[in-house]
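Let's take a look at how one protein chain packs its inside together. Have the sequence and the 3D view open as you read.

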Amino acid sequence: MGIFGRGNKLSQNDTRALVANAILTIQHEGHKAAMSFSLSKNKADQAKQILAKDWGITDWGTSMAMLERLSKAKADSHVIAEIFNELITKSQYEVVRGIFSPLKEDILLDLNLPENFLQLWDSLTNNANNDMDAFLYYLSGAEDANKTFHGITSSLLLSRINGGIKGYEQAIRTLGVYGFSMEELSKLDDFCAWDLGRVGYVAKMAAVAGHIDDAAARGYMVSAGKQAYASYTDWRQFLAAYFIGHGIMAGDAKKIGDYGDTIHHLLRNKKSPYQKFPLKTLDKS
């Protein structure tokens, strides 16, 4: 039965937690798995491999660190919006017209970027990490940091911000194929769904792998569901924010096309969890 019990006995909190996790669950495990804590304990080795390869998670410590970062999405989402809000607002008209103009380096000097930028914009290489450290050093106001910022970090930031806006552009175009209007997508500026939609999957896999216990996994999943309720008007908006966040943070939304069947099922199939359990019918308790 897993940590949530049988599907017909789910509480509103548990139902909301599983629906918030539906995107990745359906993508990796199929439609029937959407409302279940479905991977059995005999899949522990498989879960360990997936977590290690895709998430760098190998034990209790790395599991908890990742889940803590993802579960704080609501607090961080406004920082993400702060980074992109002005840039996206300025580019929306051009995006709708099909025009994309890369930013210039001097624009960076006009941005009041937050000090926790490093936490929000994960880097995959040591060199990039060093560059981000240099950027944080610049923000701290050290006397000689200006040279460090311009010499090392500005090119990285410019590339990443341009990649993020390009990913935003690709994401709204791709989602348009599935019935979203440019108008509704361009108004989204809270992308916490990108983390909230992943936290449940990571929590479940970590529990299956034996890295954390079922109670801890359920706690993170329920918290993600509550944050989804507080942040979005419906699951449709949640899904759009998830994929826009994906495009911005990955700098490339091409893989959204791989989720076509999942998106179609969630939005249009009467048996999908999005249709059976509308977000606002699941109260905030």
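Are H10 and H12 roughly parallel or roughly perpendicular to each other? Keep in mind that this is a predicted model. The angle between the two helices is about 100°, and angles of 65 to 115 degrees count as roughly perpendicular, so H10 and H12 are roughly perpendicular to each other.

**How H10 and H12 meet**

- The axes of H10 and helix H12 (residues 235–250) are 7 Å apart where the two pack.
- On the H10 side, the contact is made by Ala193, Trp194, Leu196, Gly197 and Arg198.
- H12 brings Phe238, Ala241, Tyr242, Gly245, His246 and Met249 to that contact.
- Sorted by class, the contact has seven nonpolar, three polar and one charged residues.

**The nonpolar core**

- In general, nonpolar side chains tend to be buried together in soluble globular proteins.
- Here, the largest nonpolar core has 67 residues, and the ones touching the most other members are Phe238, Ile244 and Tyr274.
- Helix H10 (residues 193–209) gives the most to this core, chipping in 12 residues.
- Let's zoom in on Phe238: leaving aside neighbours within four places in sequence, its contacts include Ala20, Ile23, Leu196, Tyr232 and Tyr274.

**Salt bridges**

- How many salt bridges does the structure hold? There are four, and three of them are picked out below.
- Glu29 pairs up with Lys204, with their closest N and O atoms 2.8 Å apart. Glu29 sits in helix H2 (residues 22–29) and Lys204 in helix H10, so this pair ties together parts that are 175 residues apart in sequence.
- Which partner is buried and which is partly exposed? Glu29 has a relative accessible area of 23%, so Glu29 is partly exposed, while Lys204 is at 0% and is buried.
- Glu184 and Arg236 form another salt bridge, at 2.8 Å from N to O. Glu184 is in helix H9 (residues 182–186) and Arg236 is in helix H12, so the pair links parts that are 52 residues apart in sequence.
- Glu184 is partly exposed at 31% relative accessibility, and Arg236 counts as partly exposed too, at 29%.
- Asp195 and Arg198 also meet in a salt bridge, at 2.3 Å from N to O. Both lie in helix H10, three residues apart, or about one turn of the helix. Asp195 and Arg198 are both buried.

Conventions: Residues are numbered from 1 along each chain as its sequence is written. This is a predicted model: local features need pLDDT of at least 70, side-chain atom pairs count only at pLDDT 80 or more; totals for chains, interfaces and linings use all residues. Side-chain values use heavy atoms; hydrogens and water are left out. A nonpolar core is a set of buried Ala, Val, Leu, Ile, Met, Phe, Trp, Tyr and Cys residues joined through side-chain atoms within 4.5 Å. Buried means under 20% relative accessible area, exposed over 50%, partly exposed in between (1.4 Å probe, protein chains only). Helices (H or I, at least four residues) and strands (E, at least two) are DSSP runs, numbered from the N terminus. Contact means heavy atoms within 4.5 Å. Axes are lines fitted to C-alpha atoms, for helices over the stretch in contact, and angles run from 0 to 180 degrees between N-to-C directions. Angles under 35 degrees count as roughly parallel, over 145 as roughly antiparallel, 65 to 115 as roughly perpendicular and the rest as oblique. Ala, Val, Leu, Ile, Met, Phe, Trp, Tyr, Cys and Pro count as nonpolar, Asp, Glu, Lys and Arg as charged, and the others, Gly among them, as polar. A salt bridge is a side-chain nitrogen of Lys or Arg within 4 Å of a carboxyl oxygen of Asp or Glu.
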